Amino acid sequence: MTHSIVLPRLIRTGSGALGQLPDLLTACGVKRPLIVTDATMVELGYLARLGQGLAQAGIKSGLFDATEPEPTETSVLVAEAILRAGLDGQAFDGLVALGGGSAIDTAKALAVLGPHGGRMRDYKVPRIVDEPGLPVIAIPTTAGTGSEATRVTVITDPDNDEKMLCMGLAFMPVAAILDPDLTLSLPPRVTADTGIDALTHAIEAYVSRKASRFSDQQALAAMRLIAPNLRRAFHDGEDRQAREALLIGACFGGIAFSNASVALVHGMSRPIGAFFHVPHGLSNAMLLPAVTTWSIPAAPTRYADCARAMGVVGDGVSDEIANTALLDELRALNAELGVPTPAGFGIQPERWQQLRPLMAEQALASGSPGNNPRIPTHDEIIALYDEVWG
Ligand code: NAD
């Protein structure tokens, strides 16, 4: 079996790395970028900081600052009109995404819609979009999605609320800046949700049927960095060491799953996010303990390795003890980080009940459950939705 590994060409890391954006743009041959960001980045002054750097370097840029969380195609099309209008009569030749996964995914969608046109549903899986898109330089401000290093974008179809998974080389950023200073302002809730998202990427990539030696190392490194630091950053947002570890860990998690795929948790999580507007990391967290319990019998050694990498057991313990410790840890983490059940989140029981078959259908159609060590039927997915409900 062969594996195709895809990575960003350049990554700059460390406190203050944001200042290196002009250098990176030059290195990537981008002269007129469109900045894609959201209102929070404007309020926090991050956009102004980025803009100052560009102005000092004499680089003109355009701006789309209305990214919506968990972006729908509607907001992407507004941004597309700005991209098409160009700057001073010239076309934009690249995109800079400043924000969480939502801003980065919006920029990635534009990178393809700009040169190739069409609608986002034209690009969803099973199609693989390997055509070259506009270069994207990603500057994540959450430590979660790893989107800065993935060949994936996730955009919701407003017509049917489907969270469309789009994959291919066109969605891989050419460069990324990992500046932990930008994550110090993350509120505890977003820290928790995005951190569990990153941990889920690492676990799912490690147990995926498409895992390789390359993705395994990234996944294990991600777990080692994320597991001991997530509670620290949740309780003390100013903990710089924990913030930096989480940001690098999330990037490793992104590299791992982009090269090995995610599995059942993500497959089941996307429909919850789309239908009930649950933030992506939170819906992963709601599912992770139950799906892990269900999946362990098909890959006990792989899951035991996860427990060891996360530091919840020592290297010498048996797989059986490690698996029990892993499940205990995932439940304890959810409790400490205040992760609600779908019922506790306030989802209407009738609507949950009614949508389960469609959610299971969408989960299967995304292809992610097919990468799980234990592959579920439609009915088994519905049973798992029932199990996590209350
Ligand atoms: P997000 O980008 O939606 O941000 C969540 C909230 O946090 C927003 O309100 C944002 O303004 C705010 N925020 C972001 N950074 C902040 C900071 N430093 N300080 C204060 N507030 C800040 O959240 P996310 O979890 O990063 O991204 C979620 C999206 O990414 C979903 O649409 C999900 O489906 C997608 N996703 C994509 C990939 C991929 O590989 N492309 C992987 C996983 C998830």
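## Two backbone features in loops

Glu70 sits in the loop that runs between strand 3 (62-64) and helix 4 (73-85). In this predicted model, the backbone of Glu70 has a positive phi of about 50°, although Glu70 is not a glycine.

A second backbone feature is found at Pro126, which belongs to the loop between helix 5 and strand 5 (136-140). The peptide bond leading from Val125 to Pro126 is cis, and its omega is near 15°.

## The shell around the ligand

The ligand is surrounded by 32 residues, of which the closest are Asp38, Gly101, Ser102, Thr142 and Thr150. Sorted by class, this shell is made up of 12 nonpolar, 14 polar and six charged residues.

Among the contacts with the ligand are two made through threonine side chains: a polar side-chain atom of Thr40 lies 2.7 Å from an oxygen atom of the ligand, and a polar side-chain atom of Thr142, a residue listed with the closest ones, likewise lies 2.7 Å from a ligand oxygen atom. The backbone takes part as well, since a polar backbone atom of Leu182 is 2.7 Å from a nitrogen atom of the ligand. Taken alone, the ligand would expose 870 Å², and the protein buries 91% of that area.

Several elements of secondary structure give two or more residues to the shell around the ligand, namely helix 2 (39-43), helix 5 (101-116), strand 6 (152-157) and helix 6 (188-207).

## Helix packing around helix 10

Helix 6, one of the elements that give two or more residues to the ligand shell, packs with helix 10 at an angle of about 60°, and the axes of these two helices are 7 Å apart. Because angles from 35 to under 65 degrees fall outside the ranges for roughly parallel and roughly perpendicular pairs, helix 6 is oblique to helix 10. The crossing in which helix 6 passes helix 10 is left-handed.

Helix 10 (residues 280-295) also packs with helix 9 (residues 264-276), in this case at an angle of about 140° and with the axes 8 Å apart. An angle has to be over 145 degrees to count as roughly antiparallel, and helix 9 and helix 10 are therefore oblique to each other. Helix 9 passes helix 10 in a crossing that is right-handed, whereas the crossing of helix 6 with helix 10 is left-handed.

Conventions
Residues numbered from 1 in each chain as written. Predicted model: local features only at pLDDT ≥ 70, side-chain atom pairs only at ≥ 80, totals over all residues. Heavy atoms only, no water. Near = heavy atom within 4 Å. Polar contact = N/O pair within 3.5 Å; in protein donor to acceptor, adjacent residues only side chain to side chain. Areas by Shrake-Rupley, 256 points an atom, 1.4 Å probe, with all protein chains shown as cover. Helix = DSSP H or I, 4+ residues; strand = E, 2+ residues; numbered from the N terminus. Nonpolar A, V, L, I, M, F, W, Y, C, P; charged D, E, K, R; others polar. Axes fitted to C-alpha atoms, helices over the stretch in contact; angles between N-to-C directions. Parallel < 35°, antiparallel > 145°, perpendicular 65-115°, else oblique. Left-handed = near helix turned anticlockwise from the far one by under 90°.
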